[in-house]
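Student: I'm new to this structure, and the links between side chains are what I'd like to see up close. Please walk me through them slowly, starting with one cysteine and working outward.

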Amino acid sequence: MLPAKRISYTNAVLCMTRTPPRLPTTAYPGVRSRFDDFVACGSPTCEAGSDDADAGLHRRFLWLFESALWDECRYTGYLPYWNWPLWAGKLHDSPLFDCSETSLSGDGDYNPGEQSVSGGDVTLPRGTGGDCTRCGPFKDMVVHLGPFSRMLPSLTEIPSPGFEYNPRCLNRSLNNFVAAHFTNVTQVSHLMAAADIADFQMVMDHWPAEPTGVLGLHGGGHFSIGSTLQDLFSSPQDPAFMLHHAMIDRM
Ligand SMILES: [Cu+2]
């Protein structure tokens, strides 16, 4: 994607964050923009179940978002995608996450308190950030919903804090270990070689990670960026969500 087109895309996303919501603030106090409409409606549905319907739900979600960019924010391009294996293991050099003005902003500041991620008998090393991202087009972005605990009793209804208003920065922790292990070219080849939809879903969406600690390409992308994008119920708050899921659509 040419640099000018990248900027027109991130400008359109920023426009969505400045456009008033359609969801009622009484029922959804944390929803403060059109962008948040998609976070509130998209995430509990699309992140709730990684079953066979998952990919279809995501496709519709992205189509509605892309349409809103066109109709409400004068965007004329297409939804870009994040080609995982090109940058697996060197995320900080990726044009998507290198902090430049033509990127989606970059890593968060280093947070010494960030914990590693445990899944069954495997512990994934922590990422390199863990605090606010302070560069690129989304450096001043304020996210409003979540955060949600990973220890959830149910994945089918939205847990506390629900739709409460909780403004804070866009948080990232780029994780090259996760990207290199779970979003590499071998994984993509396995996906493309899937014999049927069940095979495809297993490689794409190996979830839950317990007890083997194996992430599918879907989870691998979320955990590669960490923090906000890793939040099970509010991950669409990170603008990387749309590009990650556009790549899933592409697959
Ligand atoms: Cu996802």
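Tutor: Start at Cys135, which counts as buried at 16% relative accessibility. Here buried means under 20% relative accessible area, exposed means over 50%, and partly exposed is in between, using a 1.4 Å probe on protein chains only. Before we go on, a word on what you're looking at: it's a predicted model, where local features need pLDDT of at least 70, side-chain atom pairs count only at pLDDT 80 or more, and totals for chains, interfaces and linings use all residues. Residues are numbered from 1 along each chain as its sequence is written, and side-chain values use heavy atoms, with hydrogens and water left out.

Now, the partner of Cys135 is Cys99: the two form a disulfide, with their sulfur atoms 1.9 Å apart. (A disulfide is a pair of cysteine sulfur atoms within 2.5 Å.) Look along that S-S bond and you get -45 degrees, making the link of Cys99 and Cys135 left-handed. Cys99 sits in the loop between helix H4 (84-87) and strand S1 (117-119), and Cys135 in the loop between strand S3 (131-132) and strand S4 (142-143), so the pair ties together parts that are 36 residues apart in sequence. Those element names come from DSSP runs numbered from the N terminus: helices are H or I with at least four residues, and strands are E with at least two. Unlike buried Cys135, Cys99 is partly exposed, at a relative accessible area of 29%.

Next up is Cys132, joined to Cys169 by a disulfide with an S to S distance of 2.1 Å. This link is left-handed, with -80 degrees about the S-S bond of Cys132 and Cys169. Here too, distant parts of the chain are linked: Cys132 is in strand S3 and Cys169 in strand S5 (residues 168-169), 37 residues apart. Cys132 is buried, with a relative accessible area of 12%, while Cys169 is partly exposed at 24%.

By this rule there are three disulfides in total, and the one we haven't visited joins Cys15 and Cys73, whose sulfur atoms are 1.9 Å apart. The torsion about the S-S bond of Cys15 and Cys73 is about -80 degrees, so this disulfide is left-handed. It links distant parts of the chain, Cys15 in helix H1 and Cys73 in helix H3, 58 residues apart. Both Cys15 and Cys73 are buried. Count the bonded cysteines along the chain and the pattern of the disulfides reads 1-2, 3-5, 4-6. As for Cys41, that residue counts as partly exposed, at 45% relative accessibility.

Sulfurs aren't the whole story, though. Side chains of opposite charge can pair when their charged atoms come close. A salt bridge here is a side-chain nitrogen of Lys or Arg within 4 Å of a carboxyl oxygen of Asp or Glu, and by this rule the count comes to seven. One of them pairs Arg22 with Glu72, the closest N and O atoms being 3.2 Å apart. That pair bridges distant parts of the chain: Arg22 is in the loop between helix H1 (3-18) and helix H2 (34-46), Glu72 is in helix H3 (residues 54-73), and they are 50 residues apart. Arg22 is exposed, with a relative accessible area of 60%, whereas Glu72 is partly exposed at 27%.

Move into helix H2 and you'll find Asp37 and Arg34, three residues apart, about one turn of the helix. Their side chains meet in a salt bridge, 2.8 Å from N to O. Arg34 is buried, with a relative accessible area of 9%, and Asp37 is buried at 4%.

Further along the chain, Asp238 and Arg172 pair up in a salt bridge, again 2.8 Å from N to O. They link distant parts: Asp238 is in the loop between helix H8 (217-225) and helix H9 (240-250), Arg172 is in strand S6 (residues 171-172), and their positions lie 66 residues apart in the numbering. Asp238 counts as buried at 0% relative accessibility, and Arg172 is buried with a relative accessible area of 0%. Finally, go back to the earlier pairs: Arg22, Arg34, Asp37 and Glu72 are joined into one network by salt bridges that share partners.
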